[in-house]
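Visitor: I would like to learn how to read a pocket and the strands around it. Can we work through one chain together?

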Amino acid sequence: MRAALLAILMLGCGAALHDQPDLSESVRIFNDGVRWERFTAAAGALPPRDRAQFVDDMDQRSGEVKITEYEVMRVDPRGEREARVQIKLSWYKASEGTVHETHAVQTWERHGRAWWMVDEARLRGAPMPGLAEPPEPPAKPVSVMKD
């Protein structure tokens, strides 16, 4: 009886640990939600202050941009609280019908037990409507030689 009670308690503790998704699950939930136009589900992987605007923006964009597939290319942990995730998106504009490929990098941060996607920008490939462009690298100083 004591062993059975201990086993039940251990299973309960294990279940509590899995209440919040890990990074790979959060990445999948977000990108599946965007891919299949389940924007409210995807928004759960964003900071709460960004969720409503994200759903509005994605609903507006979904009439024109259709994502046909995505693939997680690389997950680069940066300590225990941050990660960079590179994804490859295949997409097209409904008005054109030409399939494009775009690589993007997502920045994920751990907040408590939850992982939130806090930034996303194009890495390479075709510019995609609604996806931020990468920041410009700082200009290199020009040296002028004097005689």
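Visitor: Which helices and strands each supply at least two residues of the lining of the largest pocket?

Guide: Start with the general idea. Rolling a probe the size of a water molecule over the atoms shows where empty space is left. Now the case here, in a predicted model. Helix H2 (23-35) and helix H4 (51-61) each give at least two lining residues, and so do strands E1 (65-77), E2 (82-93) and E4 (114-125). H4 supplies the largest share, five residues.

Visitor: What volume does the largest pocket have?

Guide: About 440 Å³. Its lining counts 24 residues.

Visitor: Which residues lie nearest the centre of that pocket?

Guide: Phe30, Phe54, Met117, Glu120 and Gly130. Phe30 falls within the range of H2, 23-35, and Met117 within that of E4, 114-125.

Visitor: How do the lining residues divide into nonpolar, polar and charged?

Guide: The lining has 14 nonpolar residues, three polar ones and seven charged ones.

Visitor: Now the strands. In which sense do E1 and E2 pair, parallel or antiparallel?

Guide: Look for the bridges, then for the direction. E1 and E2 are antiparallel, with eleven bridges between them. For one position to locate, take Arg74: its bridge partner in E2 is Gln86.

Visitor: What sits between E1 and E2 in their hairpin?

Guide: Four residues separate the two strands. Check the backbone there: Gly79 has a positive phi near 85°.

Visitor: How many bridges join E2 to E3?

Guide: Eleven, and E2 and E3 (residues 99-111) run antiparallel. Ala83 finds its bridge partner in E3 at Trp108. These strands also form a hairpin, with five residues between them. In that turn, Gly97 shows a positive phi of about 85°.

Visitor: Step back to the whole chain. What pattern does it follow along the sequence?

Guide: Reading along the sequence gives α-α-α-α-β-β-β-β. That is four helices and four strands.

Visitor: What share of contacts joins residues at least 24 apart?

Guide: Begin with contacts between residues at least 6 apart in sequence. Of these, 45% link residues at least 24 apart.

Visitor: And what share of the residues is buried?

Guide: Burial needs a cut-off: here, under 20% relative accessible area. By that test, 30% of the 147 residues are buried. The accessible surface of the chain is about 10,100 Å², and carbon and sulfur atoms account for 56% of it.

Conventions. Residues numbered from 1 in each chain as written. Predicted model: local features only at pLDDT ≥ 70, side-chain atom pairs only at ≥ 80, totals over all residues. Heavy atoms only, no water. Buried < 20%, exposed > 50% of the residue type's maximum accessible area, 1.4 Å probe, protein only. Contact = heavy atoms within 4.5 Å. Areas by Shrake-Rupley, 256 points an atom, 1.4 Å probe, with all protein chains shown as cover. 1 Å grid on protein atoms, 1.4 Å probe; cavity = no way out; pocket = protein on both sides within 12 Å on 5 of 7 lines; lining within 4 Å. Points joined across faces, edges and corners; volume = space filled by probe spheres on them. Nonpolar A, V, L, I, M, F, W, Y, C, P; charged D, E, K, R; others polar. Pairing = 2+ DSSP bridges.
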